[in-house]
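Good morning, and thank you for coming. I shall speak about salt bridges, then about the ligand, and finally about pockets and cavities. Please look at the structure as we begin.

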Amino acid sequence: MIRIAQPLLGEEEEQAVLAVLRSGRLAQGPQVQRFEEAFAEYIGVAEAVAVSSGTAALQVALLAHGIGSGDEVVTSPFTFAATANAILATGARPVFADVSEEDFNLDPAQADERVGPRTRALLPVHLYGQAADLEALSTLARRHGLALIEDACQAAGASFAGRKAGSFGTGCFSFYATKNMTTGEGGMITTDDRELAARARLLRDHGQRRRYVSETMGYNLRLTEVAAALGLAQLQKLDAFNERRRANARYLTERLAGVITPRELPGRYHVYHQYTVRVRRGRDALLERLRDRDIEALVFYPLPVHKQPLYAGLGRSLSTLRQAQGAIGSGRRPSGGPGGIGRMPVAERLSREVLSLPVHAGLSRADLDAVALAVNEGLGGLGGSP
Ligand SMILES: Cc1ncc(COP(=O)(O)O)c(C=O)c1O
């Protein structure tokens, strides 16, 4: 089976984990601090706060910005549900704005339309490893006085105009087992705002600055020493992993026919967490054919978040709520309008057409040849065309 993701762990990770096990210190400690310092330097920000997952990073970032009940956060519907779930978990409401066909990420013009009197933050997602339009989104956030929280869970090492994703606003990263670098489970928040980082540290550890003195509300969202040791070793390799992914992506793009291949937009450094093609007709049949050939391909994501049962239900009350409150005085139309939270035609079309193929750094040339051949032959058999 040619897998769609595979953690690449070597001697360095084994030695690092063994050293932690032998040290006797397993819970958050010096390894976590070293990992935070190294990650902050890598992203080019003043502070990094390690947490237990990407979801935790998003939740803590939102809470550290003071976002909660009664607030709205404008985000992408074309993402893993964790993005919107993290907003809900704070008591705030996700307001979806459609994505751009260019990069599959939050469309700044659509996001602008959804900003209302209760909006507190923009939460773009750097889907598949390509940064959203961070220039336009930063400008939009500044213009409306909103926080910019980047879901960079799929984009460790990606950049926009020479600056790393996660350094434009408050960055949120995931080190889940399938990510470009992994700690098994884990996450990181990046920021230049030292006070925000201090609040995040309190939130991840029961509001304790000193042991057994809770100053504010908090949780246990800490990272372990074992995970941090893995993270330090993986961070050393991240750039090489990403270069391999980019080379693999180029190799596939040169060989695939009959599908729309992914595009790296000017000024962006795409780290290909996923290599995602669009198949205009016969996507699901092609998926089956690839599986028959022992190639793991997946659809990220078959159901946009606003269409998921949880959010479709929420959308109606969101719409009602917003219409009741009106976008009074803002001169903006409410996010809902007749028919619920509104259609997201681009996200909905993409969810029917996208297909992610193996591209990870552990693939051989023979694997990539097999993937390209299977796609080309599979599509040929289906009579498909872009
Ligand atoms: C876009 C996106 N957001 C959030 C998350 C949540 O990260 P985690 O699984 O580490 O909680 C993930 C990854 O799974 C993701 O891909």
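Let us start with one pair of residues: the side chains of Glu47 and Arg201 form a salt bridge, with N and O 3.0 Å apart. This pair joins distant parts of the chain, since Glu47 belongs to strand β1 (residues 47–51) and Arg201 to helix α7 (residues 194–203), 154 residues apart. I should say at once that the model before you is predicted.

Is Glu47 buried or exposed? Glu47 has a relative accessible area of 14%, so it is buried, the limit being under 20%. Its partner Arg201, at 25%, is partly exposed. The pair does not stand alone. Glu36, Glu47, Arg194, Arg201 and Arg204 are linked in a network of salt bridges.

How many salt bridges does a search of the whole structure find? The search finds 25. Allow me to show two others from that search.

One of them is formed by the side chains of Glu13 and Lys237, at 2.8 Å from N to O. Glu13 lies in helix α1 (residues 11–23) and Lys237 in helix α8 (residues 225–255), so this pair ties together parts that are 224 residues apart in sequence. Glu13 is buried, with a relative accessible area of 2%.

The other salt bridge is between Glu254 and Arg255, whose closest N and O atoms are 3.3 Å apart. Glu254 is exposed, with a relative accessible area of 60%, whereas Arg255 is partly exposed, at 34%.

I turn now to the ligand. Which residues come nearest to it? There are 15 residues around the ligand, and the nearest are Gly54, Thr55, Asp151, Ser174 and Lys179. Three polar contacts deserve to be traced on the screen. For Gly54, a backbone N or O atom lies 2.8 Å from an oxygen atom of the ligand. For Ser174, an N or O atom of the side chain is 2.7 Å from a ligand oxygen. For Gln154, too, the side chain takes part, with an N or O atom 2.9 Å from an oxygen atom of the ligand.

Next come the open spaces. Rolling a probe the size of a water molecule over the atoms reveals where empty space remains.

What is the volume of the largest pocket? The volume of the largest pocket is about 430 Å³. Its lining consists of 26 residues, and those nearest its centre are Phe80, Ser174, Tyr176, Lys179 and Tyr301. Two elements, α3 (54–64) and α4 (82–89), give two or more residues to this lining. Of the elements, α3 gives the most, with three residues. Sorted by class, the lining of the largest pocket holds 12 nonpolar, 11 polar and three charged residues. Two residues here should sound familiar: Ser174 and Lys179 are among the residues that come nearest the ligand, and both are also among those nearest the centre of the largest pocket.

The second largest pocket has a volume of about 370 Å³. It is lined by 14 residues, and Gln28, Asp205, Gln208, Arg209 and Arg222 are the closest to its centre. Both α7 and β10 (208–210) supply at least two residues of that lining. Which classes of residue make up the lining of the second largest pocket? The lining divides into four nonpolar, two polar and eight charged residues. Helix α7 has appeared before in this talk, as the helix that contains Arg201.

Let us move from pockets to cavities. The whole structure contains two cavities of 30 Å³ or more. The largest cavity encloses about 80 Å³ of space. Its lining includes Gln6, Pro7 and Leu8, together with Lys179, Asn180 and Thr182. Further along the chain, Gln234, Phe241, Arg245, His360, Ala361 and Gly362 also line the largest cavity. These residues divide into four nonpolar, six polar and two charged. Lys179 therefore returns once more: it lines the largest cavity, and it also lies near the centre of the largest pocket.

Finally, I would point out one distance across the model. Asp284, in helix α9 (residues 283–292), is partly exposed, with a relative accessible area of 46%. The C-alpha atoms of Asp284 and Leu203 are separated by 43 Å, while the two residues are 81 residues apart along the chain.

Thank you for your attention. I shall be glad to return to any part of the structure.

Note on methods
Residues are numbered from 1 along each chain as its sequence is written. This is a predicted model: local features need pLDDT of at least 70, side-chain atom pairs count only at pLDDT 80 or more; totals for chains, interfaces and linings use all residues. Side-chain values use heavy atoms; hydrogens and water are left out. A salt bridge is a side-chain nitrogen of Lys or Arg within 4 Å of a carboxyl oxygen of Asp or Glu. Helices (H or I, at least four residues) and strands (E, at least two) are DSSP runs, numbered from the N terminus. Buried means under 20% relative accessible area, exposed over 50%, partly exposed in between (1.4 Å probe, protein chains only). On a 1 Å grid over the protein atoms alone, a cavity is a set of points where a 1.4 Å probe fits but cannot get out, and a pocket is an open set with protein on both sides within 12 Å along at least five of seven lines; lining residues have an atom within 4 Å of a point. Grid points are joined across faces, edges and corners, and a volume is the space filled by probe spheres set on the points. Ala, Val, Leu, Ile, Met, Phe, Trp, Tyr, Cys and Pro count as nonpolar, Asp, Glu, Lys and Arg as charged, and the others, Gly among them, as polar. A residue is near a molecule or strand if one of its heavy atoms lies within 4 Å of it. A polar contact is a pair of N or O atoms within 3.5 Å; within protein, one must be able to donate a hydrogen and the other to accept it, and residues adjacent in sequence count only if both atoms are side-chain atoms.
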